[in-house]
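Visitor: I am new to this structure and would be grateful for a close look at a single part. Might you take the salt bridges around one helix and explain how they are arranged?

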Amino acid sequence: MKNNPKVEENFQWDQTMKNHFSSPWNFPKSVVSAIVLISILCIFYALSLSNSSSLSNQQLNIIKTIHAIDQEIAPAPPVSSPKPALPENTTLHHIVFGIAASARLWDHRKQYIKLWWKPQQMRGVVWLDKAVKNGADDHLLPPKEISGDTSMFNYKNPKGHRSALRISRIVSETLRLGLEDVRWFVMGDDDTFFVPENLLRVLSKYDHNQFYYIGSSSESHLQNIKFSYEMAYGGGGFAISYPLAKVLEKMQDRCIQRYPGLYGSDERIHACMAELGVPLTKEPGFHQYDVYGNLLGLLAAHPVAPLVSLHHVDLVEPIFPNVNTVQALQRLKVPINLDSAAVMQQSVCYDKSRSWTISVAWGYAVQIQRGIFSVREMEMPARTFLNWYKRADYTGFSFNTRPVTRHPCHNPFVFYLSKALYNKNTNQTASVYVQHRVQNPECLWKMADPSRIERVEVYKKPDPNLWDKVMIFRLTNAHFSSCIISN
């Protein structure tokens, strides 16, 4: 059989092509990897561009939609937010008194309460140990309540009296009466004379929504050592804010049980305040007056603070001579009604031509002394009073004092308030002080004699906002002014 040349040629071609395509590629591996990497990057870029375009279109559609809505709907006028209401100023209505009294002394001591109580403006309760007869003057006094039973409480102080237990619970019992719109509870005794307007001035400085325990310590250093310098003495009065009174009421009975050996009611209140972690906020206008004798030295050099209270008015001499205590306090009410903010505030001036120093306790007394005394010395109380502990050191007070006189010629001539009035045409008060004649020691100095002065007249403008101001000098530099004295 002869060979077919075409078939032979095809076979050779097929073998050649087969050998060609069956041989492996001769490209380097790095080139292949680069080509694969570039391909992957191109794919990701294409996808990213597609998503970006889609998001841009969506945002454009949203913007177009918002723009269309803005064109269809007119913009609303701006709405001003309501201003927060200013807090209402504290008034006497917001203060509730709890007055500790005893049935045995009620007929006598209610006379003191009537002097300062304002039935139409003030709220409070007199807490008695037992019932007393109703009187014709009851409408001039706070309503009366009988204190709750305290027989379940232990009392182990051999020198004290169980009445301290019931008196210590007066704030809590007053709270339980459920009176509304109360900001402060004020505790006092039936022989405490309050100046309500000045009490209001003091309490208005503080936020009644916070925990406050406000009062003052004793004038006796030994009293403060025996009890505490950080305790508010109840006779001089103290104030407790409403939120604090609520907390006190919930824990007080348990607290009292833990202190059976304490002496008085104010000690027990202080113990509970300590457990609650509330310190005493001291206000020097609350006066316990743990002293005996004449208050002239204390009142004539009153601290730069509103006069808030006077305690132990039964134990000290009447603050004005030749009258009883009720009459003396009635006289003090005259300047209180004219300018309560300025009562007892001291000013010092000098009559240089006669070398006199004049100290004015407005609404109370004027003192004239021979010689020029510094303000620093004049604002220090003169010891016209005796220590609460009569056998103790006569200088043992909780503040600095000075002798009444260091030389017979330095003896002060005292002029007590006689009358005071207000002139609406001049917007001034005029107060008249008349000399209290006493036997003074003979003075051999050749200088003007103050005994020739019969009376002193003081003119000033009332300033009910006196304590709202920052006072650099007492009564606007009156310490450094000259006095005009006419015979």
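Guide: A suitable place to begin is K114, which counts as partly exposed at 24% relative accessibility. The model is a predicted one. K114 forms a salt bridge with D137, and the closest N and O atoms of the pair are 3.0 Å apart. Because K114 lies in helix α3 whereas D137 lies in the loop between β2 (123-128) and β3 (144-146), the pair ties together parts that are 23 residues apart in sequence. D137 itself is buried, its relative accessible area being 14%, a value that falls under the 20% cut-off for that term.

Helix α3, which comprises residues 106-116, also holds both D107 and K110. The side chains of these two residues meet in a salt bridge at 4.0 Å, N to O. D107 and K110 are 3 residues apart, about one turn of the helix. Their surroundings may be described in turn: D107 is exposed, with a relative accessible area of 58%, while K110 is buried, with a relative accessible area of 9%.

The two pairs should be considered together, for D107, K110, K114 and D137 are linked in a network of salt bridges. As for the wider setting, a search of the whole structure finds 19 salt bridges. Another of them joins E377 and R406, with the closest N and O atoms 2.5 Å apart. E377 lies in helix α12 (residues 375-378) and R406 in the loop between β14 (385-387) and β15 (413-423), so this pair ties together parts that are 29 residues apart in sequence. E377 counts as partly exposed at 21% relative accessibility, and R406 counts as exposed at 59%.

How values were computed:
Residues are numbered from 1 along each chain as its sequence is written. This is a predicted model: local features need pLDDT of at least 70, side-chain atom pairs count only at pLDDT 80 or more; totals for chains, interfaces and linings use all residues. Side-chain values use heavy atoms; hydrogens and water are left out. Helices (H or I, at least four residues) and strands (E, at least two) are DSSP runs, numbered from the N terminus. Buried means under 20% relative accessible area, exposed over 50%, partly exposed in between (1.4 Å probe, protein chains only).
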